[in-house]
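Open the model in your viewer and keep the selection tool ready. We will go stop by stop.

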Amino acid sequence: MPPSRRLVLVGFMGCGKSSVGRVLARRLGWSFVDLDAQVVKAEGRPVPAIFAESGESHFRAAEAREAERALARDRVVLAAGGGWAAQPGRLANLPEGTTSVWLRVSAEEAVRRARPRSGKRPLLAGPDPLGTARELLSRREPEYARAHLEVDTEGRTVEDVAARVLQLLESEPGIHTPLETR
Ligand code: S3P
């Protein structure tokens with residue numbers, strides 16, 4: 001197995017992909033890329049505006065382009081938006097040398113962390129965020145479950161989750177080890 005040159009963090013909204021990704025990138029000495037932030041930069045408007053003005057399919061196309069760009073880089077930790085990896089084929093077709101990690105969170109905890117009323121997550125902005133989160137999560141789980149590794153984030157700090165990811169990366173010879181950190 002070649003060494004891992006890239007990490008992609010996937011999972012539902014509020015699972016901590018961006019916070020954990022930043023810590024991992026710092027610990028590895030790699031770059032950190034937040035997929036939503038790249039889309040916002042490319043589009044010049046925030047995520048809720050992209051959804052409202054151009055629709056979800058426009059957002060997904062921009063997201064796919066930015067993900068492809070990020071995954072062409074080496075020594076990078078990519079925090080994908082919750083919907084990116086949920087689309088069939090994403091995790092099965094990652095470039096060689098990429099390790100995917102599913103950060104698990106329950107719908108209840110996701111809604112607590114994602115603060116639906118903040119308006120930042122258009123998919124949870126409806127009248128029943130918890131019902132929507134449960135439905136979306138159960139539909140997406142089979143795709144998230146294709147990730148190489150999974151870590152439960154419930155009741156764990158960002159630092160703990162990052163430490164667990166690093167531990168798994170180093171101890172699972174079937175994945176991509178050793179980590180190439182230089
Ligand atoms: C989405 C998740 C969001 C963002 C957009 C859609 C989703 O990212 O990409 O609101 O479909 O789950 P986070 O998972 O970082 O919140």
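Which backbone lies 2.8 Å from an oxygen atom of the ligand? Select Gly82: one of its backbone N or O atoms is at that distance from the ligand oxygen. This counts as a polar contact, a pair of N or O atoms within 3.5 Å.

A word on the model. It is predicted, so local features need pLDDT of at least 70 and side-chain atom pairs pLDDT 80 or more, while totals for chains, interfaces and linings use all residues. Numbering starts from 1 along each chain as its sequence is written, and side-chain values use heavy atoms, without hydrogens and water.

Next, select Gly83. A backbone N or O atom here is 3.3 Å from a ligand oxygen. Now add Arg60. An N or O atom of its side chain lies 2.6 Å from an oxygen atom of the ligand.

Show the ligand surface. On its own the ligand has 390 Å² of accessible area, and the protein covers 95% of that (Shrake-Rupley method, 1.4 Å probe).

Widen the selection to the residues around the ligand (a heavy atom within 4 Å). There are 13, and Lys17, Asp36, Arg60, Arg121 and Arg140 come nearest. Colour the shell by type: 5 residues are nonpolar, 3 polar and 5 charged. Here Asp, Glu, Lys and Arg count as charged, and Gly is among the polar ones.

Last stop: Glu159, in helix 7, residues 158–171. Glu159 is partly exposed because its relative accessible area is 41%, between the cut-offs of under 20% for buried and over 50% for exposed (1.4 Å probe, protein chains only). Measure across to Ile50: the C-alpha atoms of Glu159 and Ile50 are 32 Å apart, with their positions 109 residues apart in sequence.

Definitions and conventions: A polar contact is a pair of N or O atoms within 3.5 Å; within protein, one must be able to donate a hydrogen and the other to accept it, and residues adjacent in sequence count only if both atoms are side-chain atoms. Helices (H or I, at least four residues) and strands (E, at least two) are DSSP runs, numbered from the N terminus.
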